[in-house]
Amino acid sequence: MNIHIKEKQNSDKKRKIAIAATELIEKNDSIILGSGSSVYALAEQITGGKNLTVVTSSIHISYLLNTIDDISVIQLGGVLRKSSYSAVGETAIKAFDEIACSKFFMGVDGIDLDYGLTTSNIDEARLNRKMIQSSLKMIVLADSSKFGRRGFGKICNLDEVDVIITDSGISESTVKTLEESGIELIIV
């Protein structure tokens, strides 16, 4: 599904999730922003005054954040996905051999409590795995509709997730399972 269509789905929930995510961004942070509509919503909420370095595969996000004076944007290269305006492939993956960031903000297509995190594209999943390895903290931005779903490409198991930011539509049993597994859960 095209990113412009996804941006319109659950947009109010994504905006609230994005606002909560900005609270986790600190002054002088170096962060990775994945692709997708939830992460784009986060990029829309980022303002100046924090002197950030942002690494992203999303041309959409790079274009938006490049207008802010104290944000340095590193745009990953690679094969451009038409549906998400994001770069994937070996060129993007190899960039992370030389990059370490404090936080990785990631969107997903599915969160299955047994299977883990997934996305609709295997190349995107491979890049996300490399982004996880290159960050100290992995933060998932996912509205409640993503729970109980599986996409085509597996990103990782839930034990690799540090924080999930979601909306109040998440079930109480899911909340309990995630909290018992040690994941910090932020519900907006």
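This is a walk through a predicted model, one selection at a time.

**Whole chain**

Start with everything shown as a cartoon. You should be able to pick out seven helices and twelve strands. The radius of gyration is 15 Å, close to the 16 Å that the globule rule gives for 188 residues, so the protein is as compact as a globular protein of that length. Turn the C-alpha trace along its principal axes and the spans come to about 45 × 35 × 30 Å.

Now colour by burial if your viewer allows: 52% of the 188 residues count as buried. Switch on the surface and you are looking at about 8800 Å² of exposed area, with carbon and sulfur atoms supplying 47% of it. As for how the chain folds back on itself, take the contacts between residues at least 6 apart in sequence: 61% of these join residues at least 24 apart.

**Into the main core**

Hide the surface and select L117, M138 and V140. These are the residues with the most contacts inside the largest nonpolar core, a set of 32 residues. To see what surrounds them, highlight the elements that each give two or more residues to this core: helices α5 (90–95), α6 (122–133) and α7 (172–180), along with strands β6 (101–107), β9 (135–141) and β10 (153–156). Of these elements, α6 gives the most, with four residues.

Centre on L117 and show its surroundings, ignoring neighbours within four places in sequence. The contacts include M106, V108, G110 and I111. M138 and V140 are on the list too, and so is the run G153, K154, I155 and C156. L158 and V161 complete the set.

Next, select I17, V39, L65 and L141. They are among the 24 residues of a second core, separate from the one you just left.

**A stop on α6**

Go back to helix α6 and pick K130. Beyond residues up to four places away in sequence, K130 touches I93, F96 and D97. For a sense of scale, draw a distance from the C-alpha of K130 to that of L185: the two are 55 residues apart along the chain and separated by 23 Å.

**Charged pairs**

Side chains of opposite charge can pair when their charged atoms come close. The structure holds ten salt bridges, and a few deserve a visit.

Select D167 and K13, whose closest N and O atoms are 4.0 Å apart. This pair links distant parts of the chain, with D167 in the loop between β11 (163–166) and α7, K13 in helix α2, and their positions 154 residues apart. Which of the two is buried? D167 is, with a relative accessible area of 5%, whereas K13 is partly exposed at 33%.

Move on to E26 and K103, where the closest N and O atoms are 3.1 Å apart. Here too the bridge links distant parts of the chain: E26 sits in the loop between α2 and β1, K103 is in strand β6, and they are 77 residues apart. K103 counts as buried because its relative accessible area is 6%, below the 20% cut-off.

For a local pair, choose K176 and E180, with closest N and O atoms 4.0 Å apart. Both lie in helix α7, four residues apart, or about one turn of the helix. Both are exposed.

Then select D12, R15 and K16 together: they are linked in a network of salt bridges.

**Positive phi and a surface patch**

Two residues are worth checking in a Ramachandran plot. N28 has phi near 65 degrees, a positive value in a residue other than glycine. Find N28 in the loop between α2 (11–22) and β1 (30–33). Y85 also has a positive phi, about 55 degrees, although it is not a glycine.

Stay with Y85. Where is Y85 found? Y85 is in the loop between β4 (79–81) and β5 (86–88). With a relative accessible area of 31%, Y85 is partly exposed. Bring the surface back and add I59 and L80 to the selection: with Y85 they form a nonpolar patch on the surface, with about 250 Å² of accessible area together. That patch is the last stop.

Conventions
Residues are numbered from 1 along each chain as its sequence is written. This is a predicted model: local features need pLDDT of at least 70, side-chain atom pairs count only at pLDDT 80 or more; totals for chains, interfaces and linings use all residues. Side-chain values use heavy atoms; hydrogens and water are left out. A nonpolar core is a set of buried Ala, Val, Leu, Ile, Met, Phe, Trp, Tyr and Cys residues joined through side-chain atoms within 4.5 Å. Buried means under 20% relative accessible area, exposed over 50%, partly exposed in between (1.4 Å probe, protein chains only). Contact means heavy atoms within 4.5 Å. Patches are made of residues with over 30% relative accessible area and no salt bridge: like charges are joined within 9 Å, nonpolar side chains (Val, Leu, Ile, Met, Phe, Trp, Tyr) within 5 Å. Accessible areas come from the Shrake-Rupley method with a 1.4 Å probe; for residues, only the protein chains shown count as cover. A salt bridge is a side-chain nitrogen of Lys or Arg within 4 Å of a carboxyl oxygen of Asp or Glu. The radius of gyration is taken over C-alpha atoms; the globule rule is 2.2 Å times the number of residues to the power 0.38.
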